[in-house]
Amino acid sequence: MDGGQPHPVLAGKKALVFGIANEDSIAYGCAKAFRSLGADLGASWLNEKARAFVEPLAQALEASITGAVDVAVPGQLEAMFDQVRSRWGRLDILVHSIAFAPKEDLQGGLLDCSAEGFAKAMDISCHSFIRMAKLATPLMTEGGAMFAMSYYGANRVVPNYNVMGPVKAALEAACRYLAYELGPREIRVHAISPGPLRTRAASGLKHFELMLNEAAHKAPLGELIDIMDVGFTCAYLATPFAKRMTGELIYVDGGANLVA
Ligand SMILES: NC(=O)c1ccc[n+]([C@@H]2O[C@H](COP(=O)([O-])OP(=O)(O)OC[C@H]3O[C@@H](n4cnc5c(N)ncnc54)[C@H](O)[C@@H]3O)[C@@H](O)[C@H]2O)c1
């Protein structure tokens, strides 16, 4: 409290968010939630084409660090973390909200997924989180929180999720191993598993509308989620209120994962 005013719970925290494509992006929900609770933001766009959509959103959230990051282009991720080091000197929160698989590999069954497509999906959607964690760790000098976005199709077969099922399973396992390795530094790592949301990435899945309908029908809470539900879940997990939680898989799906 300062002069009777409560401090926002993330005031002074530095949060770096990867994966904003537009205002529907889960990463944008995370960035908005962190900012609304007082954090300073860093945000990236994929390339020049995406910049026109992402830069105005980053500006509206007063992001103090921005730049292009394609995790498949050597040096771009490192350049973003160089900015963090020189401007902020430290980091508290990291969000990986990135996924990609080549369309022809994503839209066929797993049996038909090419080796190249599998490797690309795994590199961009999973290994890039490990690379980020490696770069973020020395900057999280006062501990921190890292998040990666998964999906229910990691653990159960969801028709049409195809190659992304094994990729998200690897991402969830990576979160657990990173939580184990980073626990001694008070860095906590969680996989977040949102229910289906209408985003650009989701539009690449065949019959996505069926997934949405089923999710709303199955969820005990009876409705679909929105990006702010995911954002505020991450925000809570980044606060000291959740300081003894790490390595969890957190469903933000209205309880749909409970129902057979
Ligand atoms: N939408 C859903 O239903 C849903 C549900 C559960 C989990 N997720 C996961 O949430 C995350 C965010 O997806 P979203 O639904 O917000 O869609 P989105 O399209 O808004 O976000 C995906 C992001 O990945 C980025 N990306 C792709 N390739 C990249 C690369 N090479 N380098 C850097 N960035 C790259 C895109 O630029 C985009 O910003 C993904 O991991 C997705 O699998 C989505």
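Which residues of α1 are buried? I started my notebook with that one, and the list is Ile 26, Ala 27, Tyr 28, Gly 29, Cys 30, Ala 31, Ala 33 and Phe 34.

**Ground rules**

I am working with a predicted model, where local features need pLDDT of at least 70 and side-chain atom pairs count only at pLDDT 80 or more, while totals for chains, interfaces and linings use all residues. Residues are numbered from 1 along each chain as its sequence is written, and side-chain values use heavy atoms, with hydrogens and water left out.

**Entry: helix α1**

I took helices (H or I, at least four residues) and strands (E, at least two) as DSSP runs, numbered from the N terminus. I call a residue buried under 20% relative accessible area, exposed over 50%, and partly exposed in between, using a 1.4 Å probe and protein chains only. Helix α1 spans residues 26–36, and 8 of its 11 residues are buried, so the rest of the structure largely encloses it. Just after α1, I noted a positive phi of about 105 degrees at Gly 38.

**Entry: β2 and β3**

I count two strands as paired if DSSP finds at least two bridges between them. Strand β2 (residues 40–45) runs parallel to β3, and 4 bridges join them. I picked out one bridge, in which Gly 42 is partnered by Ile 65 of β3. Between the two strands the chain passes through helix α2 (residues 48–60), in a right-handed β-α-β crossover. Right-handed here means that, with the strands pointing away from the viewer, the path from the first strand over the helix to the second runs clockwise.

Side chains in a regular strand alternate between the two faces of the sheet. I checked this along β3 (residues 65–68): Ile 65 and Gly 67 point to one face and are buried, whereas Thr 66 and Ala 68 point to the other and are not.

**Entry: strand β5**

How many of the residues of β5 are buried? I found 6 of the 6, so this strand is largely enclosed by the rest of the structure. Gly 144, Met 146 and Ala 148 cover one side, and Ala 145, Phe 147 and Met 149 the other, all of them buried.

I then looked at the strands beside β5. Strand β4 (residues 93–96) pairs with β5 in the parallel sense over 4 bridges, and His 96 has Ala 148 as its bridge partner in β5. On to β6, which runs parallel to β5 and is joined to it by 6 bridges. Ala 148 turns up here too, with Ala 191 as its partner in β6. The chain goes from β5 through α6 to β6, and this β-α-β crossover is right-handed.

**Entry: the nonpolar cores**

By nonpolar core I mean a set of buried Ala, Val, Leu, Ile, Met, Phe, Trp, Tyr and Cys residues joined through side-chain atoms within 4.5 Å. The largest has 49 residues, and Phe 18, Phe 81, Leu 91, Leu 94, Phe 129 and Met 146 touch the most other members. Two or more residues come from each of β1 (14–18), α3 (76–87), α5, β5, α6 (164–182), β6 (187–194) and α7 (208–218). A second, separate core has 38 residues, including Tyr 28, Ile 93, Phe 147 and Ala 235.

For contacts I used heavy atoms within 4.5 Å. Leaving aside neighbours within four places in sequence, Leu 94 has contacts that include Leu 16, Met 132, Met 140 and Phe 147.

Met 132 lies in helix α5 and counts as buried because its relative accessibility is 0%. Not counting residues up to four places away in sequence, Met 132 touches Phe 18, Val 71, Leu 77, Phe 81, Leu 94, His 96 and Ile 98.

**Entry: Thr 137**

Thr 137 sits in the loop between α5 (115–136) and β5 (144–149). Is Thr 137 buried or exposed? Thr 137 counts as buried, at 11% relative accessibility. Beyond its neighbours within four places in sequence, I found Thr 137 in contact with Met 146, Leu 182, Arg 185 and Ile 187.

**Entry: an aromatic pair**

I paired rings of Phe, Tyr and Trp (its six-membered ring) with centres within 6.5 Å, calling planes under 30 degrees apart stacked, over 60 edge-to-face and the rest tilted. The search of the whole structure gave 3 aromatic pairs. One of them is Tyr 152 with Tyr 251, edge-to-face at 6.3 Å centre to centre and 65 degrees between the planes. Tyr 152 is in the loop between β5 and α6 and Tyr 251 in strand β7 (residues 249–252), 99 residues apart. Tyr 251 is partly exposed, at 26% relative accessible area.
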